[in-house]
Amino acid sequence: CHEYFPECEVWWLEESGHLLAFVALHGDELSALFVTASRQRQCLGEQLVRFAQRRRSYLELSVYAKNPRALAFYRKMGFVPMCLGACVNTDEAEWHLRWSVNRP
(Lines give C-alpha, C1' and ligand atoms only; values in the text may rest on other atoms or scores of the structure.)
Protein backbone atom coordinates (compact mmCIF):
# COMPACT_ATOMS: atom_id res chain seq x y z
CA CYS A 1 0.00 0.00 0.00
CA HIS A 2 2.74 2.42 0.88
CA GLU A 3 3.93 2.64 -2.73
CA TYR A 4 0.66 4.41 -3.58
CA PHE A 5 0.97 6.88 -0.71
CA PRO A 6 4.69 7.72 -0.40
CA GLU A 7 4.04 10.85 1.68
CA CYS A 8 1.59 9.09 4.02
CA GLU A 9 1.64 6.91 7.08
CA VAL A 10 -0.20 3.76 6.03
CA TRP A 11 -1.53 0.94 8.21
CA TRP A 12 -3.29 -2.12 6.92
CA LEU A 13 -5.02 -5.30 7.91
CA GLU A 14 -4.24 -8.51 6.09
CA GLU A 15 -5.12 -12.16 6.37
CA SER A 16 -2.97 -14.93 4.94
CA GLY A 17 -1.05 -12.36 2.91
CA HIS A 18 -4.21 -10.80 1.41
CA LEU A 19 -4.96 -7.12 1.96
CA LEU A 20 -8.29 -6.62 3.73
CA ALA A 21 -8.23 -2.90 4.53
CA PHE A 22 -5.96 0.11 4.90
CA VAL A 23 -5.94 3.66 6.20
CA ALA A 24 -3.56 6.42 5.08
CA LEU A 25 -2.78 9.61 7.00
CA HIS A 26 -1.05 12.62 5.50
CA GLY A 27 -0.28 14.75 8.53
CA ASP A 28 -3.66 15.33 10.19
CA GLU A 29 -5.62 14.41 7.06
CA LEU A 30 -7.24 11.01 6.76
CA SER A 31 -6.37 10.68 3.07
CA ALA A 32 -7.71 7.21 2.35
CA LEU A 33 -9.71 4.43 3.92
CA PHE A 34 -10.29 1.24 1.97
CA VAL A 35 -11.99 -2.02 2.91
CA THR A 36 -12.22 -4.79 0.33
CA ALA A 37 -15.82 -5.38 -0.75
CA SER A 38 -16.07 -8.90 0.68
CA ARG A 39 -15.06 -7.63 4.15
CA GLN A 40 -17.18 -4.48 4.38
CA ARG A 41 -19.58 -4.13 7.32
CA GLN A 42 -17.27 -6.23 9.52
CA CYS A 43 -15.89 -3.26 11.53
CA LEU A 44 -12.49 -3.24 9.77
CA GLY A 45 -12.89 0.39 8.71
CA GLU A 46 -13.97 1.30 12.22
CA GLN A 47 -10.90 -0.44 13.67
CA LEU A 48 -8.57 1.47 11.36
CA VAL A 49 -10.20 4.86 11.99
CA ARG A 50 -10.02 4.29 15.77
CA PHE A 51 -6.37 3.29 15.32
CA ALA A 52 -5.71 6.58 13.50
CA GLN A 53 -7.64 8.56 16.11
CA ARG A 54 -5.41 7.13 18.85
CA ARG A 55 -2.40 8.55 16.99
CA ARG A 56 -3.74 12.07 16.49
CA SER A 57 -5.63 14.63 18.54
CA TYR A 58 -7.16 16.12 15.38
CA LEU A 59 -8.13 14.68 11.99
CA GLU A 60 -9.84 16.05 8.93
CA LEU A 61 -11.10 14.50 5.72
CA SER A 62 -13.31 15.09 2.73
CA VAL A 63 -16.05 12.83 1.43
CA TYR A 64 -18.17 13.18 -1.70
CA ALA A 65 -21.66 14.50 -0.95
CA LYS A 66 -23.10 11.80 -3.25
CA ASN A 67 -21.78 9.15 -0.82
CA PRO A 68 -24.22 9.33 2.13
CA ARG A 69 -23.06 5.95 3.44
CA ALA A 70 -19.50 7.25 3.91
CA LEU A 71 -20.79 10.47 5.46
CA ALA A 72 -22.89 8.48 7.95
CA PHE A 73 -19.91 6.24 8.77
CA TYR A 74 -17.61 9.17 9.55
CA ARG A 75 -20.29 10.91 11.61
CA LYS A 76 -20.67 7.69 13.60
CA MET A 77 -16.90 7.81 14.17
CA GLY A 78 -17.22 11.30 15.69
CA PHE A 79 -16.39 13.46 12.66
CA VAL A 80 -18.37 16.67 12.32
CA PRO A 81 -19.29 18.13 8.91
CA MET A 82 -17.78 21.63 8.70
CA CYS A 83 -18.66 22.84 5.21
CA LEU A 84 -19.72 21.75 1.76
CA GLY A 85 -17.32 22.57 -1.07
CA ALA A 86 -16.06 21.22 -4.37
CA CYS A 87 -13.23 18.74 -4.91
CA VAL A 88 -10.33 20.47 -6.66
CA ASN A 89 -9.63 17.39 -8.80
CA THR A 90 -13.15 16.40 -9.88
CA ASP A 91 -15.33 19.45 -9.11
CA GLU A 92 -17.70 17.06 -7.28
CA ALA A 93 -19.48 18.41 -4.21
CA GLU A 94 -17.77 17.17 -1.06
CA TRP A 95 -18.17 17.55 2.67
CA HIS A 96 -15.17 18.58 4.76
CA LEU A 97 -15.27 16.89 8.15
CA ARG A 98 -13.25 17.28 11.31
CA TRP A 99 -12.67 15.14 14.37
CA SER A 100 -10.92 16.29 17.53
CA VAL A 101 -10.14 14.83 20.93
CA ASN A 102 -11.48 18.16 22.28
CA ARG A 103 -14.71 18.12 20.30
CA PRO A 104 -16.32 21.54 19.69
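Here is a quick tour of the pocket, the nonpolar cores and the salt bridges in this structure. Keep in mind that this is a predicted model.

**The pocket**

Let's start with the empty space. The largest pocket holds about 860 Å³. Its lining is made up of 26 residues, and L33, R69, A70, F73 and Y74 are the ones nearest the centre. Four elements each put at least two residues into that lining: strand 3 (29-35), helix 1 (44-55), strand 4 (58-64) and helix 2 (68-76). Strand 3 gives the most, with seven residues. Sorted by class, the lining comes out as 14 nonpolar, six polar and six charged residues.

**The cores**

Now for the packing. The largest nonpolar core counts 20 residues, and L30, L61, Y74, F79 and L97 have the most contacts inside it. Strand 2 (18-26), strand 3, helix 1, strand 4, helix 2 and strand 6 (93-100) each chip in at least two residues to this core. Another core, of five residues, sits apart from it, with C8, V10, A24 and A32 among them.

Y74 is worth a second look. It is one of the residues nearest the centre of the largest pocket, and it is also among those with the most contacts inside the largest core. Leaving aside residues up to four places away in sequence, Y74 touches L30, L33, V49, L61, F79 and L97.

**The salt bridges**

The count comes to five salt bridges. Here are some of them:

| Pair | Closest N to O distance |
|---|---|
| E9 and R56 | 2.4 Å |
| R39 and E15 | 3.2 Å |
| K66 and E92 | 3.4 Å |

Take E9 and R56, whose side chains meet in a salt bridge. E9 belongs to strand 1 (residues 9-15) and R56 to the loop between helix 1 and strand 4, so this pair ties together parts 47 residues apart in sequence. R56 is buried, at 15% relative accessible area, while E9 is partly exposed at 34%.

Next, R39 and E15 form a salt bridge. R39 is in the loop between strand 3 and helix 1 and E15 is in strand 1, so the pair ties together parts 24 residues apart in sequence. E15 counts as partly exposed, with 43% relative accessibility.

Then there is K66 with E92. K66 lies in the loop between strand 4 and helix 2, and E92 in the loop between strand 5 (80-86) and strand 6, so parts 26 residues apart in sequence are tied together. K66 is exposed at 61% relative accessibility, whereas E92 is partly exposed at 29%.

Finally, salt bridges with shared partners link E9, D28 and R56 into one network.

Methods: Residues are numbered from 1 along each chain as its sequence is written. This is a predicted model: local features need pLDDT of at least 70, side-chain atom pairs count only at pLDDT 80 or more; totals for chains, interfaces and linings use all residues. Side-chain values use heavy atoms; hydrogens and water are left out. On a 1 Å grid over the protein atoms alone, a cavity is a set of points where a 1.4 Å probe fits but cannot get out, and a pocket is an open set with protein on both sides within 12 Å along at least five of seven lines; lining residues have an atom within 4 Å of a point. Grid points are joined across faces, edges and corners, and a volume is the space filled by probe spheres set on the points. Ala, Val, Leu, Ile, Met, Phe, Trp, Tyr, Cys and Pro count as nonpolar, Asp, Glu, Lys and Arg as charged, and the others, Gly among them, as polar. A nonpolar core is a set of buried Ala, Val, Leu, Ile, Met, Phe, Trp, Tyr and Cys residues joined through side-chain atoms within 4.5 Å. Buried means under 20% relative accessible area, exposed over 50%, partly exposed in between (1.4 Å probe, protein chains only). Contact means heavy atoms within 4.5 Å. A salt bridge is a side-chain nitrogen of Lys or Arg within 4 Å of a carboxyl oxygen of Asp or Glu.
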